[in-house]
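Me: I am new to reading protein models, and I would like a close look at the empty space inside this one. Could you take me through the pocket and the cavities, and then what surrounds them?

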Amino acid sequence: MTGNPPVDVQKLGQSIWYDNISRQLIQNGEIKRMVDEDGVLGMTSNPTIFEKAIANSNFYDATIAQHLDSDANSIFEALAKDDIRAVADILRPIFDRTNGADGYISLEVSPLVANDTATTTREAFRLFEMVDRPNVMIKIPATEAGLPAIEEAIAGGVNINVTLIFSVEYYKRVTEAYIRGLERRLSKGQDVTQIASVASFFLSRIDSLVDQQLDSNIRAAQGRSLDRVAANRKLLGTAAIANAKLAYREFKNIFEGARFKQLREAGAQVQRPLWASTSTKNPAYPDTMYVDALIGPHTVNTVPPETLVAFKDHGTVAATLEQDLDKAADTMDMLAEVGIDMALVTNNLLLDGVEKFTASYNALLEAIEGKRKMLKAGIIKRQSGVVGQYEPNVREEMDRMKDAPKQIWERNAAWWKPEPTHVEVINDRLGWLTIAVDGRIDRQRLHNLKTKARNNWKHVVLLGMGGSSLAPEVLCKTFGHQAGYPDLLVLDSTVPATVQRIEKQIDPKQTVFIVASKSGTTIETAVMFDYFYDKLVRLVGADKAGQHFISITDPGSELVTLSQQRKVYDIFENPADIGGRYSALSYFGLVPAALLGLDLDTIFARAERMTDAIDKAVAYKFNPALWLGVVLGTIGKEGRDKITIIASPQIESFGDWAEQLIAESTGKEGVGFLPVVGATVGHPHDYDDDRMFVYMRLDNDPSLDDQVQQLREAGHPVYLLELQDAYDLAGEFLRWEFATAVMGQMLKINPFDEPDVTSAKKATRALLDIHQKEGRFPAEKPVISEGGVALYADARTGEMLNQICTQRHYDVSNLAGRLAAFLSLARSGNYFALLAYMDANDDNETALETIRRRLRHATCRAVTLGYGPRYLHSTGQLHKGGPNNGVFILITVDDDAELPIPGQSLTFSILKQAQGLGDLETLRQRHRRVVRLHISGDVKSGLQTIVEAIEATEAKLI
């Protein structure tokens, strides 16, 4: 052991080169330090090294940003040229001091042309000229095609690092190519003193492959031949060093022999053997074995970072290379005796080496392309989080999920759930990933529709539920009315008053109706289509009525057939592999956008930009959607499972769309995250410690900054997404879809199905059958009635409310007291859900939002508000399939009108009642804490009962 082994080996004729490069090492002075302190006399690079340096740091971003319109290969060359030149300049004093023996940095010819002699030769000259430094070596592999290229390059005055040498025979051919190249120069009277070359002889890869075969021999001989076991075991870890020593013997024979004498006398350098692949792959072997055993004159050992550290710490410096040369030959003989064909081994390693280098080069280009896309999108820089104590766990989870973009983009359905039934569903639900860029959306057709809409229709009424209606509603509320284009009204309710309210706002003859249903059989959409089609038939006649309708559905659905029969204006058959809540960027979102007169090209561009930003080529640490999903998923799993979306007022409605996406995707199998949207920001003390906030902020709108800052300062985790303007929502649709897919995997559930939605549908169907037979729904006795308001609960809940009233001294004789007892059920970590089967008019909205705000303030619990039956296609899945931490108040009211549905004995009122009662029954079956509050008469007065219950609750908290 000596004081500084990497320096001390120089006395024995060996040079240590460093097998690594990165801009960070250049800029922070680490390379200069290694040269000064660690005895590093040269450096090597390869595609894998560059890929790690570029993909996992931001040191290259400024340069990439200057070439955003260039291809990945051109960008790589720009990056590599700068780095190679910078390192060459650092190493130049060594080059000058050693008269060109050391001080080199290498750059590799693309392995994509490894089997093309002419191209490899041209590239070697081009790269050498591009770097324009005398102490650069160009790497060429020792393939059949590479050997003549090596000779040509040497003859042309290019320094060459010959790589991927595994066999002694190939090594001799490499030296022959080097010598011939020098002889050609000498014969022309050209200088041979300034040409340098190393022959990179690979080590650990040989042992890895040979040891596999030896292990196989040992297993085969176990229990049958102890001698054979011993013979094979003795040879483990010996092949590479023996092979290298035999190659060194050839080196001495060649470069000390008569053939090289003339070149040596002319001042030519020997082609030094370079020991490569010197990190120990087998942990059972000493970590410096490929350095300690191969120290000798005229050699180079190129070491990766960990090997340099190990050798400096505990390496052994001695002239070991020429020790036991006879033993090395014996080792090769013994390997042959046990069946190891070294010629076959080394040939396979050469072929495999080219393949691996090619894969590494492709990975490098992919990483650069990912960085280019990431920087061009500019999105990752516009999001940040203050997550406090959760930061370490988030970063650990990011590393665990580093393969997520690849799994998602390659559509590996089993990554989510391996069961065949789930795989089948997932495989049919991943079309949203590429819908913005894959050409399946006919953009010209949408532009034509936009032209048609201008000055032609006064209103657009969208008839659809859940994923078919929420994205269009976001666009409508966000952008408002566009001059010359129709207003959009969304009808996603079977409440008679809502249907009437929409009907009063329009002139059907100047209206186009969008009938939107993925399945084509959604009951709400079907009855609304029937209702308004019947209206138009009576107004304009059967021949013209269909021209007021546009249908959006899956190919071949029943809606397609019906639309054709009714001769609708147009039918947009949406790609079938997109689920409803993931359909914002498909025809379900874009047809309404066209009719609204929005800037379609900007929508497409923003969606494409996000697609690039989350592409699988983007390094996982720079993927904005992966970050969002991991942050929400990690913190949510730690108890902050109420994802509260705060948004600048113009884009506030985005939360309604995200609510369905998150709730319906994650709320199943007893787990899930609750999205909380639409509420006022409030004060920090209004919230329990179960919240995670996402703040979506428009660049020109600081109106909520102070309130959000208060949440941060109070210790609530807040994740910020900055949007350039409202059109960035096109990208947000995709970001949140991707993030939700990530959260689904973190929860180990299928985020693309909705298994519990059908339960309420079945209950509704059963109730409708009963009503059809008996003319009424099953009667239920209220727990208490008071002033036109009745409280319903199952027997178990009713008894429990009586007991709570007694225990906590609530007034059991009035409805507010019973309801206050029910509110007290919400423990820390629970949430309230107000499920209102009534018209969402301004008065009702104001009253319910007041209740929501006061309930949150009084209890510090999350409070959601959903209108029925709309929420059945949104949060309904979470209510029934997610964790049992909800406290549900289902509010029903009497209807002023029945509104018959054409062709059926059914009315909108009957359907609405069946849907509400069906969901109530399903919640009870799932043992959810639920009561129904039915209001007969004045709705505002009836809702006041809830306010009184909140006040009674507050009194007990004082």
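Reply: Happy to help; here is a walk from the whole chain to its empty spaces, and then to the cores and one strand.

This is a predicted model, in which local features need pLDDT of at least 70 and side-chain atom pairs count only at pLDDT 80 or more, while totals for chains, interfaces and linings use all residues. Residues are numbered from 1 along each chain as its sequence is written, and side-chain values use heavy atoms, with hydrogens and water left out.

The chain has 39 helices and 24 strands (DSSP runs numbered from the N terminus: helices are H or I with at least four residues, strands are E with at least two). Of its 958 residues, 61% are buried (under 20% relative accessible area; exposed is over 50% and partly exposed is in between, with a 1.4 Å probe and protein chains only).

Now to the empty space. Rolling a probe the size of a water molecule over the atoms shows where empty space is left. The search uses a 1 Å grid over the protein atoms alone: a cavity is a set of points where a 1.4 Å probe fits but cannot get out, a pocket is an open set with protein on both sides within 12 Å along at least five of seven lines, and lining residues have an atom within 4 Å of a point. Points are joined across faces, edges and corners, and a volume is the space filled by probe spheres set on them.

The largest pocket has a volume of about 1100 Å³. Its lining has 44 residues, and E473, K477, A840, E845 and R870 lie nearest the centre. Among the elements that give two or more residues to this lining are α22 (470-479), α30 (654-666) and α36 (842-859). By class, 17 of the lining residues are nonpolar, 14 polar and 13 charged (nonpolar: Ala, Val, Leu, Ile, Met, Phe, Trp, Tyr, Cys and Pro; charged: Asp, Glu, Lys and Arg; polar: the others, Gly among them).

There are also 3 cavities of 30 Å³ or more. The largest cavity holds about 60 Å³ of space. It is lined by 13 residues, with L475, I603, L729, A730 and F733 closest to its centre. Helix α22 appears here too: α22, α27 (587-596) and α32 (729-746) each supply at least two lining residues. This lining has 12 nonpolar residues, 1 polar and no charged ones.

What about the packed parts? The largest nonpolar core has 238 residues, and W657, M696 and W736 have the most contacts inside it (a core is a set of buried Ala, Val, Leu, Ile, Met, Phe, Trp, Tyr and Cys residues joined through side-chain atoms within 4.5 Å). Helix α17 (residues 342-377) gives the most to this core, with 14 residues. Beyond its neighbours within four places in sequence, M696 is in contact (heavy atoms within 4.5 Å) with residues including F654, L729 and W736.

Finally, take strand β8 (residues 299-303). All 5 of its 5 residues are buried, so β8 is largely enclosed by the rest of the structure. T299, N301 and V303 on one side are buried, as are V300 and T302 on the other. Strand β1 (residues 14-19) pairs with β8 in the parallel sense over 5 bridges (pairing needs at least two DSSP bridges), and Q14 has T299 as its bridge partner. Strand β7 (residues 272-276) is also parallel to β8, with 2 bridges, and L274 stands opposite V300.
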